[in-house]
Amino acid sequence: MVYFDSHCHLNDEAFLPNLEEEISRCKEAGLKAMVCIGYDIESSKRAIEIAEKYPEVYAAIGVHPENRDGLELKDLDKIREMAAHPKVIAIGEIGLDYHWYKKPEEREPQKPWFIAQIALANELNLPVSIHAREATQDTMEILKAHPVKAGAVLHCYSGSPESLKEFAAMGLYFGFDGPITYKNAIAPKECVRICPEDRILVETDSPYLSPVPFRGKQNSPAHIPFIVSAMAELRGVSLEMMGRILQSNFERLFRVKL
Ligand code: NI
């Protein structure tokens, strides 16, 4: 059984003091790849440094909608330069966050960043990791007007099953995390059930979103097997089959051989 984590933040301060131990723990849990996701310039740099040090770690780099403070669009030139590193396999996480930002004047300025980083990913022929929180409609509109060239995943998919179908028709992948193990997570469970077989991915978003039985504690990529097993159960397939499906999707989108 081959495991991977398509979205984690090993570059988060929560992990930095014990990174060595954390990565050993992940390897013991069977993880063959972890995509460490940046959210601003500094965390993107750290993602690359970690990926340089550990063969199992890959980097995604980009500016998250919540982390634009003090940055200008021309700072994306730094992301472009950093993307030349061979361990950079995606641009992300980028997108729209309407959960924390309710006013139009807080939401509108997120859009040019999302669009510019889609263009950057297209220029570099890299896939994209998308953060879309309570912003389904605008995310869909932007992706229709600015299609991705090398694929994209809606990380921690939290939209409706109906929107999933629409995004799937546009060629997107869907990342599912710890919340699919929560009892009351009706919509995410349904999304796992109906997600096309060639579009489903697994991730932790650690240090956030711990699956049961670690809910409330710090999450780790080492918890991936708990999420995969919940997925297998929801889709009514064996653990091995679920593993093969996820592996081939991961290898296709990120062009990494596990
Ligand atoms: Ni994340």
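User: Hi! Which residue does lysine 102 form a salt bridge with?

Analyst: Lysine 102 pairs with glutamate 134, and their closest N and O atoms are 3.8 Å apart. Keep in mind that this is a predicted model.

User: Where do those two sit?

Analyst: Lysine 102 is in the loop between β4 and α4 (104-107), while glutamate 134 is in the loop between β5 and α6, so the salt bridge ties together parts that are 32 residues apart in sequence.

User: And are they buried or exposed?

Analyst: Lysine 102 is exposed, with a relative accessible area of 52%. Glutamate 134 counts as partly exposed, at 48%.

User: How many salt bridges are there?

Analyst: The count comes to 15. One of them joins arginine 80 to aspartate 77, with 2.7 Å between the closest N and O atoms.

User: How far apart in sequence are arginine 80 and aspartate 77?

Analyst: They are three residues apart in helix α3 (residues 76-82), so about one helical turn separates them. Arginine 80 is partly exposed at 33% relative accessible area, and aspartate 77 is partly exposed at 41%.

User: Which residues are in a network with them?

Analyst: Glu123 is linked with Asp77 and Arg80 in a network of salt bridges.

User: Switching to lysine 189. Buried or exposed, and what is the nearest side chain of opposite charge?

Analyst: Lysine 189 is buried and has no salt bridge. The nearest side chain of opposite charge belongs to glutamate 233, 7.9 Å away. A salt bridge needs the nitrogen and the carboxyl oxygen within 4 Å.

User: So what does lysine 189 touch?

Analyst: Lysine 189 is in helix α8 (residues 186-194). Leaving out residues up to four places away in sequence, it touches Ile180, Thr181, Tyr182, Lys183 and Leu234.

User: Tyr182 catches my eye. What lies over the face of that ring?

Analyst: Arginine 215 lies over the face of tyrosine 182, at 3.5 Å from the ring centre. Elsewhere, lysine 87 lies over the face of tyrosine 58, at 4.9 Å from the ring centre.

User: Nice. How many aromatic pairs are there?

Analyst: The structure holds six aromatic pairs. Among them, tyrosine 157 and phenylalanine 174 are edge-to-face, with 5.1 Å centre to centre and 85° between the planes. This pair links distant parts of the chain, 17 residues apart: tyrosine 157 is in the loop between β6 and α7, and phenylalanine 174 is in strand β7 (residues 173-176).

User: Are those rings buried or exposed?

Analyst: Tyrosine 157 counts as buried at 7% relative accessibility, and phenylalanine 174 counts as buried at 0%. Both belong to one aromatic cluster that also includes Phe167 and Phe176.

User: Back to the strands. In what sense do β4 and β5 pair?

Analyst: They pair in the parallel sense, over six bridges, and isoleucine 91 has valine 128 in β5 as its bridge partner. β5 and β6 also run parallel, joined by four bridges, with valine 128 opposite alanine 152 in β6.

User: What about histidine 155, buried or exposed?

Analyst: Histidine 155, in strand β6, is buried at 5% relative accessible area. Its contacts beyond four places in sequence include His7, Glu93, His131, Asp177, Glu203 and Asp205.

User: Last one: which residues of α6 are buried, and what covers them?

Analyst: In helix α6 (residues 136-145), the buried residues are Asp138, Thr139, Met140, Ile142 and Leu143. The elements covering them include β4, α5 (110-124), β5, β6 and α7 (161-169).

Technical notes. Residues numbered from 1 in each chain as written. Predicted model: local features only at pLDDT ≥ 70, side-chain atom pairs only at ≥ 80, totals over all residues. Heavy atoms only, no water. Buried < 20%, exposed > 50% of the residue type's maximum accessible area, 1.4 Å probe, protein only. Lys, Arg positive; Asp, Glu negative; His and termini not counted. Contact = heavy atoms within 4.5 Å. Phe/Tyr/Trp six-rings, centres within 6.5 Å; stacked < 30°, edge-to-face > 60°. Lys NZ or Arg CZ within 6 Å of the ring centre and 35° of its normal. Pairing = 2+ DSSP bridges.
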